[in-house]
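Welcome, and please open your viewer before reading on. We will go from stop to stop, and at each one you will hear what to select.

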Amino acid sequence: MTDTRDRKSRSLFGLVKDVPDLVKDLVKGEIALLKAEMVGKAKVFAVAAAILVIALVIVLYAIGVLLTAAVMGLATVMPAWLAALLLAVVMLIVAGILGFVGWKRLKKGLPITPKRTIDSVKDDVNAVKGLGKKPAGPTQYATRKPDVGHRS
């Protein structure tokens with residue numbers, strides 16, 4: 001540890017002159033610390049993401065094994081080809097229903113443009129220009145629910 005008494009006394013102007021360099025060093029040190037911390041967090045995130053991807057792959061293989069087990073189980077009461085065909089048809093029906101429901105929900109959200117917000121901004125611009133009527137107050141649009149799921 002350095003003894004501060006051994007240092008030569010410096011003038012106020014000399015100390016003030018050192019402030020920009022000290023601030024620069026401090027900022028550089030903080031940026032270096034930020035970089036080190038973010039690299040560490042990125043490594044943790046990358047490892048976690050890799051583990052989750054591996055788990056997802058294992059789940060997908062497990063689903064295949066379960067479907068094979070279902071076919072084999074059905075094959076005890078009917079021919080194997082018929083069991084596989086029956087299970088494939090059931091899976092296609094379920095996928096078709098889910099696809100149809102998803103498509104209908106997607107269409108409800110279209111068009112993606114925020115119509116109410118655009119109308120609100122147009123009203124605000126007109127009010128500022130002195131055209132049309134002014135909005136009732138700041139809570140007029142804040143209390144509205146988003147236009148998701150409703151067609152106008």
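## A tour along the chain

Start by colouring the whole chain by confidence: this is a predicted model, with an average pLDDT of 83 over the protein chain, and 81% of the residues score at least 70. Which elements mark the two ends of that scale? Helix 2 has the highest mean pLDDT among the elements, at 94, while helix 4 (residues 139-142) has the lowest, at 53.

Now switch to a cartoon view. You will find 4 helices and 0 strands, so to speak a walk of α-α-α-α from the N terminus on.

Next, turn on the surface. The protein chain exposes about 13600 Å², and 72% of that area is supplied by carbon and sulfur atoms. How many of the 152 residues count as buried? The share is 4%.

**Stop 1: helix 1.** Select residues 12-74, the 63 residues of helix 1. From first C-alpha to last, helix 1 reaches 91 Å, close to the 93 Å expected at 1.5 Å a residue. Then zoom in on Val19, where helix 1 bends by about 30 degrees. A proline, Pro20, follows within four residues.

Travel on along helix 1 to Ala70. Is Ala70 exposed or only partly exposed? Ala70 counts as partly exposed because its relative accessibility is 29%, which falls between the cut-offs of 20% for buried and 50% for exposed. While you are here, draw a distance between the C-alpha atoms of Ala70 and Ala83: they are separated by 8.3 Å, although the two residues are 13 apart along the chain.

**Stop 2: helix 2.** Select residues 80-108 for helix 2, and pick out Ile97 within it. With a relative accessibility of 51%, Ile97 counts as exposed, because the cut-off for that label is over 50%. Now add Trp81, Leu82, Leu85, Val89, Ile93, Phe100 and Val101 to your selection: together with Ile97 they form a nonpolar patch on the surface. The accessible area of this patch is about 790 Å².

**Stop 3: helix 3.** Select residues 115-129. How far apart are the end C-alpha atoms of helix 3? They are 21 Å apart, which agrees with the span that 15 residues should have at 1.5 Å a residue. Just after helix 3, click on Gly130: its phi is positive, near 90 degrees.

**Last stop: helix 4.** Finish by selecting residues 139-142, and recall the mean pLDDT of 53 for helix 4.

Technical notes. Residues are numbered from 1 along each chain as its sequence is written. This is a predicted model: local features need pLDDT of at least 70, side-chain atom pairs count only at pLDDT 80 or more; totals for chains, interfaces and linings use all residues. Side-chain values use heavy atoms; hydrogens and water are left out. The expected span of a helix is 1.5 Å times one less than its number of residues. The bend at a residue is the angle between axes fitted to the seven residues ending there and the seven starting there. Patches are made of residues with over 30% relative accessible area and no salt bridge: like charges are joined within 9 Å, nonpolar side chains (Val, Leu, Ile, Met, Phe, Trp, Tyr) within 5 Å. Accessible areas come from the Shrake-Rupley method with a 1.4 Å probe; for residues, only the protein chains shown count as cover. A salt bridge is a side-chain nitrogen of Lys or Arg within 4 Å of a carboxyl oxygen of Asp or Glu. Buried means under 20% relative accessible area, exposed over 50%, partly exposed in between (1.4 Å probe, protein chains only). pLDDT is the predictor's confidence in each residue, from 0 to 100.
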